[in-house]
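Q: Could you take me through this model step by step, beginning with its interior and ending with single residues?

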Amino acid sequence: MTDGVPGLALAVEQAEKGTMERKPQNPASGVFADGLGVSILWVGLVMGILSLAVGYWGFQQGYDTAVWRTMVFTTLTLAQMSNALSTRSFRDSLFNLGWFSNRIMTGAIAVTFLLQMALIYVPIANDFFNTTPLTAVQLGICLALSVLMLVILETVKWVQFRR
């Protein structure tokens, strides 16, 4: 749900500015070299914390298990869309790239969002995926946390490459 369509869209992303001027990566270095492994870990950790936090919050509110579980699933899915948007470039801000400069990515995120909404609001999907419809407030919280994920990712990029 969260990786397939946006992953394909990332494959057609334009190369970053200055790519050909950078030193080549050492062929002997691993796949996770140059901080990629650390980046994967911290992004996954933040995404996990946000998703679990919404689940804990829903549990504390006394929501039915199906509700807070759907909130966790939705937050994780939408946070991954934020990650896909931010990952379009490891150096340049999404604001510099342009939100809609990769139309395939825009479509991929729209399709993923619509599929997620179907999983939440279509009764047959509820039965199959053990989800339940969310209220506007519950969905808004999931959306807000996914936007927070984007803000965190873009802020880290800004701090990291501002030096």
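Q: Which residues have the most contacts inside the largest nonpolar core?
A: In soluble globular proteins, nonpolar side chains tend to be buried together. In this predicted model, the largest nonpolar core has 17 residues, and those with the most contacts inside it are Val43, Met47, Leu50, Val54, Met71, Leu134 and Met149. At least two residues of this core come from each of helix H2 (36–60), helix H3 (65–86), helix H5 (103–121) and H7. A second core, separate from this one, has six residues, among them Met81, Met105, Ile109 and Leu150.

Q: What does leucine 134 touch, if residues up to four places away in sequence are not counted?
A: With those set aside, leucine 134 touches Val67, Thr70, Met71, Thr74, Ile120, Tyr121, Leu139 and Cys142.

Q: How should I read helix H7, and which of its residues are buried?
A: One can set the span of a helix against the value expected from its number of residues, 1.5 Å a residue. Helix H7 covers residues 136–162, 27 in number, and reaches 38 Å from its first C-alpha to its last, which is close to the 39 Å expected. Its buried residues are Gln138, Leu139, Cys142, Leu145, Ser146, Met149, Leu150, Leu153, Glu154 and Lys157.

Q: Is threonine 131 buried or exposed, and where is it found?
A: Threonine 131 is found in the loop between helix H6 (123–129) and H7. It counts as buried because its relative accessible area is 10%, and buried means under 20%.

Q: What does the side chain of threonine 131 reach?
A: The side chain of threonine 131 reaches the backbone oxygen of leucine 119 at 2.4 Å, and a polar contact of 2.9 Å joins it to the side chain of asparagine 126. Leaving aside neighbours within four places in sequence, threonine 131 is in contact with Thr70, Phe73, Leu119, Ile120, Ala125 and Asn126.

Q: What is the phi of asparagine 130?
A: Asparagine 130, found in the loop between H6 and H7, has a phi near 55°, a positive value in a residue other than glycine.

Q: Why does alanine 110 count as partly exposed?
A: Alanine 110, which lies in helix H5, counts as partly exposed because its relative accessibility is 38%, and that class lies between the 20% limit for buried and the 50% limit for exposed. Alanine 110 and methionine 81 are 29 residues apart in sequence, while their C-alpha atoms are 9.5 Å apart in space.

How values were computed: Residues are numbered from 1 along each chain as its sequence is written. This is a predicted model: local features need pLDDT of at least 70, side-chain atom pairs count only at pLDDT 80 or more; totals for chains, interfaces and linings use all residues. Side-chain values use heavy atoms; hydrogens and water are left out. Helices (H or I, at least four residues) and strands (E, at least two) are DSSP runs, numbered from the N terminus. The expected span of a helix is 1.5 Å times one less than its number of residues. Buried means under 20% relative accessible area, exposed over 50%, partly exposed in between (1.4 Å probe, protein chains only). A nonpolar core is a set of buried Ala, Val, Leu, Ile, Met, Phe, Trp, Tyr and Cys residues joined through side-chain atoms within 4.5 Å. Contact means heavy atoms within 4.5 Å. A polar contact is a pair of N or O atoms within 3.5 Å; within protein, one must be able to donate a hydrogen and the other to accept it, and residues adjacent in sequence count only if both atoms are side-chain atoms.
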